[in-house]
Amino acid sequence: MADSKTKVNIKTSAPKSSSAQRASNGASSSTAMRLLNVEAMYGSFRAVNDVTLDIEAKSVTAFIGPSGCGKTTLLRTLNRMHETLPGATVKGSIQVGGTDLYDPSVDPVRVRRSIGMVFQKPNPFPAMSIAQNVSSGLRLSGTKSKRDVAEIVEESLRKAALWDEVKDKLNEPGVSLSGGQQQRLCIARTIAVEPEIVLMDEPCSALDPLATLKIEELIGELKTRFTIVIVTHNMQQAARVSDTTAFFNMGADRGGYLVETGPTNKIFTNPSNKLTEDYIAGRFG
């Protein structure tokens, strides 16, 4: 991004004391991202309606709700991927470090580099080796030293709990790995460029139970370094991996909307809204 444009500063930190002051935009110093009245459209169709939500730093926030309620669409607005679709628009404000990510001066490429995404289906680059998959984003970020790249590849694979399984076959194709390994490879590729926030869209839906367990364990380890937002239809998974849960519903005349959010234990055991209680109990959706 040109020097004349606003830089996206998405560095976040937990409050140093209980007396930490709230930021001028109303978000606490432990807030990694703040959504204010966010609306996402596909042409004239409103997929997400008036969502206001704080995403806490160094934690896992789960988006849950019935199919069609806008969870994935909202997730895609968080790193400006939604706008890449024809006719897709976003209104409202998504703030990181006091910067509105949708400000005209903000480079969306920089946003997507700082806020990485892991997709529902593992998508390693088919023409690249395991090592090349992990290092693919480093060339774009200006990392040129082969030694630096090799060190980052190893570190990222270790963070993704994959190094011991692939260290002797780094030059083999990434697509030669199992489904669960491919997903961890994609996670390693995402974190190699050191994003502040990692978005995960149903990262275990295509995996078997054993691979799912490994990904869930990995999420628990990664949240000590990254802020994670995950979309999942698996209630048990949301209860296991997340610290905060946001429940969404679909209104016939209003699009997808946020019903309530709170600590995961409270949402699953003592929700404030009857709709949330019914969804958790399996009475709808």
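**Exercise 1. Determine whether Lys159 is buried or exposed, and describe the salt bridges of helix 4.**

Solution. Lys159 counts as buried, at 18% relative accessibility; buried means under 20% relative accessible area, exposed over 50%, and partly exposed in between (1.4 Å probe, protein chains only). The model is predicted: local features need pLDDT of at least 70, side-chain atom pairs count only at pLDDT 80 or more, and totals for chains, interfaces and linings use all residues. Residues are numbered from 1 along each chain as its sequence is written, and side-chain values use heavy atoms, with hydrogens and water left out.

Step 1. The side chain of Lys159 meets that of Glu155 in a salt bridge (3.3 Å, N to O). A salt bridge is a side-chain nitrogen of Lys or Arg within 4 Å of a carboxyl oxygen of Asp or Glu. Glu155 is partly exposed, at 41% relative accessibility.

Step 2. Both Lys159 and Glu155 lie in helix 4, 4 residues apart, about one turn of the helix. Helices (H or I, at least four residues) and strands (E, at least two) are DSSP runs, numbered from the N terminus.

Step 3. A salt bridge also joins Glu154 and Arg158, with 2.9 Å between the closest N and O atoms. Because Glu154 and Arg158 are 4 residues apart in helix 4, about one helical turn separates them. Glu154 is partly exposed at 29% relative accessibility, and Arg158 is partly exposed at 47%.

**Exercise 2. State which residues Ser156 and Leu157 contact, leaving aside neighbours within four places in sequence.**

Solution. Step 1. Ser156 belongs to helix 4 (residues 146-159) and is buried, with a relative accessible area of 3%. Beyond its sequence neighbours, Ser156 is in contact (heavy atoms within 4.5 Å) with Val134, Ala188, Ile191 and Ala192.

Step 2. With the same exclusion, Leu157 contacts Val134, Leu162, Trp163, Val166, Leu170, Leu185 and Ala188.

Step 3. Leu157 is among the residues with the most contacts inside the largest nonpolar core, which has 40 residues. Such a core is a set of buried Ala, Val, Leu, Ile, Met, Phe, Trp, Tyr and Cys residues joined through side-chain atoms within 4.5 Å. Helix 7 (residues 209-222) gives the most to this core, with 5 residues. A second, separate core of 32 residues includes Leu74, Met81, Ile94 and Met117.

**Exercise 3. Explain why helix 3 is described as largely enclosed, and identify the elements against which its buried residues pack.**

Solution. Step 1. Of the 11 residues of helix 3 (residues 130-140), 8 are buried, so the helix is largely enclosed by the rest of the structure.

Step 2. Among the buried residues of helix 3 are Ile130, Asn133, Val134 and Leu138. The buried residues of this helix pack against helix 4, helix 5 (163-166) and helix 6 (179-191).

Step 3. Just after helix 3, Gly142 has a positive phi of about 95°.

**Exercise 4. Describe how strand 9 and strand 10 are arranged, and characterise Asn249 and Met250.**

Solution. Step 1. Strands 9 and 10 pair in the antiparallel sense over 8 bridges; two strands pair if DSSP finds at least two bridges between them. The two strands form a hairpin with 3 residues between them, and Gly251 stands opposite Gly255 in strand 10.

Step 2. Strand 10 (residues 255-263) is largely enclosed by the rest of the structure, because 7 of its 9 residues are buried.

Step 3. Asn249, in strand 9, is buried, with a relative accessible area of 10%. Apart from neighbours within four places in sequence, Asn249 has contacts including Pro66, Cys69, Tyr257 and Phe284.

Step 4. Met250, also found in strand 9 (residues 244-251), is partly exposed at 32% relative accessibility. Side chains in a regular strand alternate between the two faces of the sheet.

**Exercise 5. Locate Lys58 and Glu194, and report the sign of phi for each.**

Solution. Step 1. Lys58 is in the loop between strand 2 (45-56) and strand 3 (60-64). Although it is not a glycine, Lys58 has a positive phi of about 50°; at 44% relative accessibility, Lys58 is partly exposed.

Step 2. Glu194 lies in the loop between helix 6 and strand 7 (197-201). Phi of Glu194 is positive, near 55°, and Glu194 is exposed at 60% relative accessibility.

Step 3. Most residues other than glycine have a negative phi.
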